[in-house]
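Student: Before we use the usual labels for this predicted model, could we go through the reasoning behind them?

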Amino acid sequence: MSKSDDSVSQLREEQKRILVTGGAGFLGSHLCELLLGAGHQVICVDNFSTGVRRNVDHLKRFDAFSVIAHDIVQPIDLEVDEIYNLACPASPPHYQADPIHTTKTCVLGSLKLLELAARYGARIFQASTSEVYGDANIHPQVESYWGNVNPFGPRSCYDEGKRCAETLFFDFHKRHDVEIKVVRIFNTYGPRMRPDDGRVVSNFIVQALKGDDITIYGDGSQTRSFCFVNDLVDGFVRLMASAPSVTGPVNLGNPDEFSIGELAEQVIGLTGSRSKIVYRPLPTDDPRQRRPDITLATRELGWRPNVSLSEGLKETIRYFDGLLTRSAGQVLE
Ligand code: NAD
Ligand code: UDP
C-alpha cells in the first residue's frame, strides 16, 4: 500500500465535520457524496447562483448532511475540521454575468473562510484553476509557471480572483500557520453539469442530443484536456488527506489533450447525432492550448486519472439524455 493510500484509509476511519462551499454545484455535489460515503458529517453552503438543489436532493437521506443557503462573501461561523472552498461560478458565461461578484467571491469569500479556518484550526482546501496560467506560454503547464493573464479582460474577474485567492491562502499559511491545500483544476466534465452551463462539453452534448447545431468557437484547433469528475474528486480527497507539508499548488487534470474540433467529432460519433458543426467567433482571451503536467500529483498523492474521454463522455451523454427526456428540454431547478 502506498503512503497516499494509507492517508486515504486513515481519513475513512475518523469522522470529521466538513464544510463544502459550492456544494450544490457540479463538482461540489460529487464531493459531498464522496465525503458522506466515507462516513463524514458534511455541511453544504451554497448561494444557488449556479448550483441547483436537485444536485444534492439525493443526499438528504444522510442524517450527517445539511445544506445552508449562504453567500460566502458574507462571514459564516461554523466549527469544522475541514473546509473545501469550491464556491464560485466556473463557466465563462456565468462568471462573466456579474464579474464584480465573481471577484468578491474569489477574494472576499476566500478571506472569510481563511479567517474561519484560522479561528478553529481547520484544514482548508482551495479550488483554484488552470486559468491562473492564462494563455500559457509554456506547454504542458507546470505548477512553477507564473502564467500569462490579462488583468482587465472579460476573464480577469475569475483568473485574477483565483490568483489573489492563492495569494491569500499562502499568506495565511505563512502568517497564521493555517494548513492549506491548493489545487489547480483543469477542465472537468461529467453528470450534474447544467444543460445551460455554457462550457464546451455540456454545450456539445446538449446540442447533439437535441439535434441543434454544434457551436465551435474559432476554428476548433484550440486544445483542452478533459478530466472526468470522479477522477477529479478522488484527487481532492487525496490532497486533503496528505501530509501538512503538501500545500500545493498542485495540478489535477487529465493530460490527454484534444482539439475542440476533435471533441465535437467524438460527441457526434457517440450520440449518433445528425447535428452539423457551425463556427462562431472565438471569445476574447480564449487560451490556445491547455494540458496539465501532473508529475507532482502523481508523486505526492499517488494520483492519476483513470477514465478515458470516450468512457467519460458516454456516461455524461447518458446523464444528459435522461435529464432532457425528463424535462423535455426545460432547465430543471
Ligand atoms: P459550478 O458553477 O457548478 O459550482 C459552483 C457552486 O458555487 C454553485 O453551486 C454556486 O451556486 C456556488 N456559488 C457561487 N458563488 C457563490 C457564493 N458567492 N457563495 C456561495 N456559493 C456560491 O462550478 P463547478 O464546475 O462545480 O466548479 C466548482 C469550483 O471548482 C469552482 O470554484 C471553480 O472555479 C473550480 N474549477 C472548476 C473547474 C471545472 O472544470 N469544473 C475547473 C477549474 C476550477
Ligand atoms: N467552446 C466552443 N463551443 C462552445 C463552448 C466553448 O468551441 O459551445 C470552446 C471555448 O472557446 C474554449 C473551449 O471550448 O476554447 C473550452 O471552453 P470552456 O468554456 O468549456 O472552458 P475554458 O475556456 O474555461 O477552458
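**From values to labels**

Tutor: UniProt, in an unreviewed entry, places the feature "domain: NAD-dependent epimerase/dehydratase" at residues 18–244. In the predicted model, the end C-alpha atoms of that span lie 17 Å apart, and the span is 39% helix and 19% strand.

Student: What makes β1 and β2 a pair of strands?

Tutor: Two strands pair if there are at least two bridges between them. Five bridges join β1 (residues 17–21) to β2 (residues 41–46), which run parallel, so the criterion of at least two bridges is met. Within this pairing, Thr21 has Val45 of β2 as its bridge partner.

Student: Which strands are the edge strands of the open sheet, and what makes them so?

Tutor: The sheet has seven strands in the order β3-β2-β1-β4-β5-β6-β11, with parallel pairing. Its edge strands are β3 (65–69) and β11 (250–252), each of which pairs on one side only. Neighbouring strands of this sheet are turned by 20° against each other on average, direction ignored.

Student: Which strands does helix α5 lie across?

Tutor: Helix α5 (residues 99–120) lies across β1, β4 (82–85) and β5 (123–129), and runs at about 170° to β4. Helix α6 (residues 156–176) also packs on the sheet, where it touches β5 and β6 (180–185), its direction making about 155° with that of β5.

Student: Why is Leu323 called buried?

Tutor: Leu323, which is found in helix α11 (residues 309–327), has 21 C-beta neighbours inside 10 Å. A residue is buried if 20 or more other C-beta atoms lie within 10 Å of its own, and therefore Leu323 counts as buried. Leu323 and Pro191, 132 residues apart in sequence, are 9.8 Å apart in space, C-alpha to C-alpha.

Conventions. Residues are numbered from 1 along each chain as its sequence is written. Chains are lettered from A and ligands numbered from 1 in the order in which they are written. This is a predicted model: local features need pLDDT of at least 70, side-chain atom pairs count only at pLDDT 80 or more; totals for chains, interfaces and linings use all residues. Helices (H or I, at least four residues) and strands (E, at least two) are DSSP runs, numbered from the N terminus. Axes are lines fitted to C-alpha atoms, for helices over the stretch in contact, and angles run from 0 to 180 degrees between N-to-C directions. Two residues are in contact if their C-beta atoms, placed from the backbone, lie within 7 Å. UniProt positions are given in the numbering used here, feature names are shortened, and annotations may be inferred rather than shown by experiment. A residue is buried if 20 or more other C-beta atoms lie within 10 Å of its own, exposed if 12 or fewer, and partly exposed in between; C-beta atoms are placed from the backbone.
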